[in-house]
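The following exercises are to be worked with the sequence and the structure side by side. Each task is followed by a solution in steps.

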Amino acid sequence: MTGTQLSGYRLMWIFVMFDLPVTTREQARAATKFREYLLDEGFEKSQFSVYARFCNGKEHVEAYLRRIESHLPEKGDVHILTFTDRQYENIVRFSGQRRRRTRKNPDQLALF
(Lines give C-alpha, C1' and ligand atoms only; values in the text may rest on other atoms or scores of the structure.)
Protein backbone atom coordinates (compact mmCIF):
# COMPACT_ATOMS: atom_id res chain seq x y z
CA MET A 1 0.00 0.00 0.00
CA THR A 2 1.35 3.44 -0.87
CA GLY A 3 1.29 6.35 1.54
CA THR A 4 -1.37 8.13 -0.52
CA GLN A 5 -3.99 5.41 -0.31
CA LEU A 6 -6.71 5.90 2.28
CA SER A 7 -7.55 2.95 4.48
CA GLY A 8 -10.42 2.30 6.84
CA TYR A 9 -7.95 2.59 9.68
CA ARG A 10 -6.74 6.04 8.65
CA LEU A 11 -10.14 7.53 7.80
CA MET A 12 -11.90 8.76 10.91
CA TRP A 13 -15.28 9.77 12.24
CA ILE A 14 -15.72 12.42 14.91
CA PHE A 15 -18.81 12.47 17.11
CA VAL A 16 -19.68 15.53 19.20
CA MET A 17 -22.18 14.86 21.98
CA PHE A 18 -23.36 17.56 24.33
CA ASP A 19 -25.69 18.44 27.15
CA LEU A 20 -26.11 22.18 27.24
CA PRO A 21 -28.33 24.13 29.64
CA VAL A 22 -31.28 25.91 28.05
CA THR A 23 -33.09 27.29 31.11
CA THR A 24 -32.51 30.92 30.16
CA ARG A 25 -32.97 32.65 26.82
CA GLU A 26 -29.22 33.35 26.70
CA GLN A 27 -28.36 29.67 27.32
CA ALA A 28 -30.84 28.54 24.66
CA ARG A 29 -29.26 30.97 22.19
CA ALA A 30 -25.77 29.66 23.02
CA ALA A 31 -26.93 26.04 22.50
CA THR A 32 -28.53 26.93 19.15
CA LYS A 33 -25.41 28.81 18.09
CA PHE A 34 -23.25 25.77 18.92
CA ARG A 35 -25.54 23.43 16.92
CA GLU A 36 -25.48 25.81 13.96
CA TYR A 37 -21.68 26.05 14.20
CA LEU A 38 -21.38 22.26 13.96
CA LEU A 39 -23.67 22.18 10.92
CA ASP A 40 -21.66 24.98 9.29
CA GLU A 41 -18.50 22.91 9.88
CA GLY A 42 -19.97 20.00 7.92
CA PHE A 43 -21.27 17.88 10.80
CA GLU A 44 -24.54 16.06 10.34
CA LYS A 45 -27.13 15.74 13.05
CA SER A 46 -27.35 12.14 14.22
CA GLN A 47 -29.61 12.89 17.20
CA PHE A 48 -30.66 16.14 18.84
CA SER A 49 -27.38 16.59 20.72
CA VAL A 50 -25.18 14.21 18.74
CA TYR A 51 -23.39 15.34 15.59
CA ALA A 52 -21.03 13.35 13.38
CA ARG A 53 -18.49 14.14 10.68
CA PHE A 54 -16.32 12.06 8.38
CA CYS A 55 -12.64 13.11 8.48
CA ASN A 56 -9.60 12.40 6.35
CA GLY A 57 -7.33 11.15 9.13
CA LYS A 58 -6.12 12.08 12.58
CA GLU A 59 -4.72 15.46 11.53
CA HIS A 60 -8.13 16.47 10.20
CA VAL A 61 -9.74 15.34 13.49
CA GLU A 62 -7.21 17.38 15.50
CA ALA A 63 -8.00 20.48 13.43
CA TYR A 64 -11.72 20.07 14.15
CA LEU A 65 -11.04 19.52 17.85
CA ARG A 66 -9.17 22.83 18.04
CA ARG A 67 -11.92 24.69 16.16
CA ILE A 68 -14.69 23.16 18.27
CA GLU A 69 -12.78 24.03 21.44
CA SER A 70 -12.67 27.67 20.37
CA HIS A 71 -16.48 27.68 19.90
CA LEU A 72 -17.58 25.91 23.09
CA PRO A 73 -20.53 27.42 24.94
CA GLU A 74 -19.72 28.91 28.34
CA LYS A 75 -21.72 26.27 30.23
CA GLY A 76 -22.62 22.63 29.70
CA ASP A 77 -20.84 19.41 28.85
CA VAL A 78 -19.39 18.47 25.48
CA HIS A 79 -17.90 15.04 24.77
CA ILE A 80 -16.04 14.21 21.59
CA LEU A 81 -15.43 10.65 20.42
CA THR A 82 -13.38 9.52 17.46
CA PHE A 83 -13.61 6.24 15.57
CA THR A 84 -11.74 4.80 12.67
CA ASP A 85 -13.87 4.14 9.62
CA ARG A 86 -13.54 0.39 10.31
CA GLN A 87 -14.87 0.84 13.86
CA TYR A 88 -17.71 3.02 12.60
CA GLU A 89 -18.82 0.23 10.25
CA ASN A 90 -19.56 -1.91 13.33
CA ILE A 91 -22.02 0.50 14.96
CA VAL A 92 -25.40 -1.18 15.35
CA ARG A 93 -28.39 1.13 14.77
CA PHE A 94 -32.03 0.68 15.66
CA SER A 95 -34.97 2.81 14.62
CA GLY A 96 -38.15 1.99 16.43
CA GLN A 97 -37.61 -1.67 17.09
CA ARG A 98 -35.98 -2.48 13.78
CA ARG A 99 -32.32 -2.82 13.05
CA ARG A 100 -31.21 -0.31 10.46
CA ARG A 101 -28.85 -1.08 7.65
CA THR A 102 -25.26 0.05 7.99
CA ARG A 103 -24.87 3.59 6.73
CA LYS A 104 -22.89 4.12 3.58
CA ASN A 105 -19.81 6.21 4.23
CA PRO A 106 -19.28 9.30 2.09
CA ASP A 107 -17.38 8.77 -1.13
CA GLN A 108 -13.71 9.63 -0.77
CA LEU A 109 -14.08 12.22 -3.52
CA ALA A 110 -16.45 14.14 -1.26
CA LEU A 111 -13.52 14.77 1.08
CA PHE A 112 -11.74 17.04 -1.34
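**Exercise 1: Helix α1 and its end**

Directly after α1 comes Gly 42, which has a positive phi near 95°. The model is predicted: local features need pLDDT of at least 70 and side-chain atom pairs count only at pLDDT 80 or more, while totals for chains, interfaces and linings use all residues. Residues are numbered from 1 along each chain as its sequence is written, and side-chain values use heavy atoms, with hydrogens and water left out.

Task: Determine which residues of α1 are buried and where they lie around the axis.

Solution.
1. α1 (helices are DSSP runs of H or I of at least four residues, strands runs of E of at least two, numbered from the N terminus) has 16 residues and reaches 22 Å from its first C-alpha to its last. This is close to the expected 22 Å, the expected span being 1.5 Å times one less than the number of residues.
2. Buried (under 20% relative accessible area, with exposed over 50% and partly exposed in between; 1.4 Å probe, protein chains only) are Gln 27, Ala 31, Phe 34, Arg 35, Tyr 37 and Leu 38.
3. These residues lie on the same side of α1, because they cover an arc of only 155° around the axis, taken from the directions from the helix axis to the C-beta atoms.
4. The face turned away from the buried side carries the exposed residues Arg 25, Glu 26, Arg 29, Lys 33 and Asp 40.
5. The cover over the buried residues of α1 includes β1, β3, α2 and β4 (77-84).

**Exercise 2: The nonpolar cores**

Task: Identify the elements that give two or more residues to the largest nonpolar core.

Solution.
1. The largest nonpolar core (buried Ala, Val, Leu, Ile, Met, Phe, Trp, Tyr and Cys residues joined through side-chain atoms within 4.5 Å) has 15 residues. Those with the most contacts inside it are Ile 14, Val 16, Phe 18, Phe 34, Leu 38, Phe 43 and Ile 68.
2. The elements sought are β1 (12-19), α1 (25-40), β3 and α2 (58-69).
3. Another core, of 7 residues, lies apart from it and includes Trp 13, Phe 15, Ala 52 and Phe 54.

**Exercise 3: The β2-β3 hairpin**

Task: State in which sense β2 and β3 pair, and over how many bridges.

Solution.
1. β2 (residues 44-47) and β3 (residues 50-55) pair (DSSP finds at least two bridges between them) in the antiparallel sense over 3 bridges.
2. Glu 44 has Ala 52 of β3 as its bridge partner.
3. The two strands form a hairpin with 2 residues between them.

Definitions and conventions. Contact means heavy atoms within 4.5 Å.
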